[in-house]
Amino acid sequence: MSESRACGYNISTLLDVLIEGYTVADTRSLLTGIALGVGATLAARDVLPLLAPLARPALKQGIKAALLSYERGREMAALLVETISDIAAEVQVELQTQGAGDPTTVNVRIES
């Protein structure tokens, strides 16, 4: 019994099931994808410890950028609210000015 076995399965039978119904080009693509996936998995265990010292500073920079963006967004929102409040006050003055000359006009008051 010289057949290769992985996890209790016959590898040639497993490959036959995987590539059944595919063309030759599809089969090559499938096998290439499997080989690249296995290779990347094996390389990751050697590469990840090398990248670990870079992860903390990168994460720190990302959080810093997010906090700065949040603060800038709050400033812009406050400016928008202030601008809308100023415009509402101007409209209120215009409506009061128009209402003083015409007795049929209803006074509208906008609270901010």
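**A guided tour of the predicted model**

Read from the start of the sequence to its end, the protein chain runs through the pattern β-β-α-α. This is a predicted model. Begin by displaying the whole chain as a cartoon: its secondary structure amounts to two helices and two strands.

Next, switch to a surface view. The protein chain exposes about 9900 Å², of which carbon and sulfur atoms supply 65%. Of its 112 residues, 4% count as buried.

**First stop: a nonpolar patch**

Select L31, I34, V38 and L42. These residues make up a nonpolar patch on the surface, and together they have about 320 Å² of accessible area. Then centre the view on L42, which belongs to helix α2. Is L42 buried or exposed? Its relative accessible area is 46%, so L42 ranks as partly exposed.

**Second stop: the salt bridges**

The count of salt bridges comes to three. In general, side chains of opposite charge can pair when their charged atoms come close.

Select R45 and D46 and show their side chains. They meet in a salt bridge, with 3.9 Å from N to O. R45 and D46 are both exposed.

Move on to R74 and E71. A salt bridge joins their side chains, again to be checked in the viewer from N to O, at 3.9 Å. R74 and E71 are about one helical turn apart, because three residues separate their positions in helix α2. Colour the pair by accessibility: R74 has a relative accessibility of 48% and therefore counts as partly exposed. E71, at 38% relative accessibility, is likewise classed as partly exposed.

Now select E75 and R72. Which interaction do the side chains of E75 and R72 form? They meet in a salt bridge, with an N to O distance of 3.6 Å. Both residues lie in helix α2, three residues apart, which corresponds to about one turn of the helix. E75 has 48% relative accessibility and so counts as partly exposed.

**Third stop: a patch of negative charge**

Finally, select E82, D86, E90 and E94, and colour the surface by charge. These four residues gather in a patch of negative charge on the surface. To place the patch within the fold, follow E94 back to the cartoon: E94 is located in helix α2, which covers residues 24-101. Helix α2 is also where L42 was found at the first stop, and it holds the pair E75 and R72 from the second.

Definitions and conventions. Residues are numbered from 1 along each chain as its sequence is written. This is a predicted model: local features need pLDDT of at least 70, side-chain atom pairs count only at pLDDT 80 or more; totals for chains, interfaces and linings use all residues. Side-chain values use heavy atoms; hydrogens and water are left out. Patches are made of residues with over 30% relative accessible area and no salt bridge: like charges are joined within 9 Å, nonpolar side chains (Val, Leu, Ile, Met, Phe, Trp, Tyr) within 5 Å. Accessible areas come from the Shrake-Rupley method with a 1.4 Å probe; for residues, only the protein chains shown count as cover. Lys and Arg count as positive and Asp and Glu as negative; His and the chain ends are not counted. The place of a charge is taken as NZ of Lys, CZ of Arg, CG of Asp or CD of Glu. Helices (H or I, at least four residues) and strands (E, at least two) are DSSP runs, numbered from the N terminus. Buried means under 20% relative accessible area, exposed over 50%, partly exposed in between (1.4 Å probe, protein chains only).
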